[in-house]
Amino acid sequence: MTLDRRFVLGGGLALAACDRRADAQTPVSIPPLRSVAAFPVGVCVQEEQLGDPGLVPLIASQVSQVTPEWEMKMEYIVKDDGSFRFEAPDRIAAFARANGMRLFGHTLIWYAQVPGAFERLDEKRVKFGAAYRNYILAVAGRYRGQAVGWDVVNEAVAEDGVGWRDSLWSQKLGKLQHMVLAFQHAREADPEAVLFLNDYNLENIPKKRATFMKLVEALLKAGAPIGGVGTQTHLAADLAPGEITKALKDLASLGLMVHVSEMDVSLTRSRGLIKDRGRLLAGQSRLYAEAAEAFSSLPGGQRFGFTHWGLRDKDSWLKREDPADSPLLFDDAGRPKAAAAAWIGGLR
């Protein structure tokens, strides 16, 4: 892989020519990500990682926003008896506070997670709609004044882009109405947080993006207080040039805030058209650069933030899925890779 520009920090930001024979995995020198971006830069984190002496300083130096990777989801918060636990998200919130970072909430309602307590709910005792509202008020209300935004509804559009997903929530409360209610309850819980509809594959499946945008319009028309749209931006390294740019322009056309909410670029999830790892690494860097440039080009008032779904490769869910993958900006040891320099190079 060749790298067009390498960033070196020393008395200011300077550009130096890169040895074109250098492998894209060779560590490079960069300034902190948050120091060169004109918008908040975020990362996901798990509670157990807050005890990692190698990761915590990296997070503290590189980003200005944290998203709990899974411990603000129902799978953690709702216990089998229907009671709630908040120990892990509270610790993440405290970490953000202590380090002067923004906290982003992820996620209130997700089709994929249905706690047994909701499935077994005795509606003679508590109506489903009341339990639904109570959950959202409890979670979003707990972090009122600290969480700057929430993924209120996550992954609502069907995988192929045809319609919306079915779920227990839609079955009980209505396909559109359960989403409207979720946004209304979240606004009740926190009048100030920016409320997002979040989804994935919006860059590489235009049909899904179109359905997502129509859903946003339908929710707004129905009175849902949506303030932003989140595009997860989980990509494969062989995605064609220009697709990220098109997606972000389309999403920004809604006039809402835009959050690149979970970005990573997988090498091993490519479609097999490119076999050479060097070319895949070049594609990875290209996509990180395009994402940074396209997001930077949005109107300033619409750039909510840019969240990387991990910093070190070894912490990535993709690495856990396939040890051969290396999808993030920093290597296993926390050293910045060519992809990190490319992301910085794409900023405008």
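**Exercise 1. State whether Asn 201 is buried or exposed, and describe its backbone and its place in the structure.**

Step 1. Asn 201 has a relative accessibility of 12% and therefore counts as buried; buried means under 20% relative accessible area, exposed over 50%, and partly exposed in between, with a 1.4 Å probe and protein chains only.

Step 2. This is a predicted model, in which local features need pLDDT of at least 70 and side-chain atom pairs count only at pLDDT 80 or more, while totals for chains, interfaces and linings use all residues. Residues are numbered from 1 along each chain as its sequence is written, and side-chain values use heavy atoms, with hydrogens and water left out.

Step 3. Asn 201 is located in the loop between strand S7 (194-199) and helix H9 (206-221). Helices (H or I, at least four residues) and strands (E, at least two) are DSSP runs, numbered from the N terminus.

Step 4. The phi angle of Asn 201 is positive, near 60°, in a residue other than glycine.

**Exercise 2. Identify where Thr 233 is found, and give its phi and its accessibility.**

Step 1. Thr 233 occupies the loop between strand S8 (228-231) and S9.

Step 2. Although Thr 233 is not a glycine, its phi is positive, at about 60°.

Step 3. With 2% relative accessibility, Thr 233 counts as buried.

**Exercise 3. Locate the cis peptide bond that involves Thr 107.**

Step 1. The bond joins His 106 and Thr 107, with omega about -5°.

Step 2. Thr 107 belongs to strand S5.

**Exercise 4. Describe the largest pocket: its volume, its lining and the elements that contribute to it.**

Step 1. The largest pocket contains about 530 Å³ of space. On a 1 Å grid over the protein atoms alone, a pocket is an open set of points with protein on both sides within 12 Å along at least five of seven lines, whereas a cavity is a set of points where a 1.4 Å probe fits but cannot get out; lining residues have an atom within 4 Å of a point. Grid points are joined across faces, edges and corners, and a volume is the space filled by probe spheres set on the points.

Step 2. The lining comprises 25 residues, of which Tyr 200, Asn 201, His 234, Arg 269 and Trp 317 lie nearest the centre of the pocket.

Step 3. Two or more lining residues come from each of S5, strand S9 (234-236), strand S10 (257-266) and helix H12 (317-321).

Step 4. By class, the lining has nine nonpolar, seven polar and nine charged residues. Ala, Val, Leu, Ile, Met, Phe, Trp, Tyr, Cys and Pro count as nonpolar, Asp, Glu, Lys and Arg as charged, and the others, Gly among them, as polar.

Step 5. The ring of Tyr 200 has the charged end of Lys 208 over it, 3.7 Å from the ring centre; the criterion is NZ of Lys or CZ of Arg within 6 Å of the ring centre and within 35 degrees of the ring normal.

**Exercise 5. Describe the surroundings of Phe 118 and the second largest pocket.**

Step 1. Phe 118 lies in helix H5 (residues 116-119) and is buried, with a relative accessible area of 7%.

Step 2. Not counting residues up to four places away in sequence, Phe 118 touches Met 74, Phe 128, Ala 131, Tyr 132, Tyr 135, Leu 168 and Trp 169; contact means heavy atoms within 4.5 Å.

Step 3. One aromatic cluster is formed by Phe 84, Phe 86, Phe 118, Phe 128, Tyr 132, Tyr 135, Tyr 143 and Trp 169. Rings of Phe, Tyr and Trp (its six-membered ring) pair if their centres lie within 6.5 Å; planes under 30 degrees apart count as stacked, over 60 as edge-to-face and the rest as tilted.

Step 4. H5 and helix H6 (128-142) each supply at least two residues to the lining of the second largest pocket. This pocket holds about 250 Å³ of space and is lined by 13 residues, with Gly 82, Ala 117, Leu 121, Arg 125 and Ala 131 nearest its centre.

**Exercise 6. Explain which parts of the chain the pair of Phe 39 and Phe 295 ties together.**

Step 1. The aromatic pairs number 18. Among them, Phe 39 and Phe 295 are edge-to-face, at 4.8 Å centre to centre with 85° between the planes.

Step 2. Phe 39 lies in the loop between helix H1 (33-36) and strand S3 (41-45), and Phe 295 in helix H11 (residues 277-296), so the pair ties together parts that are 256 residues apart in sequence.

Step 3. Phe 39 is buried at a relative accessible area of 6%, and Phe 295 is buried at 0%.
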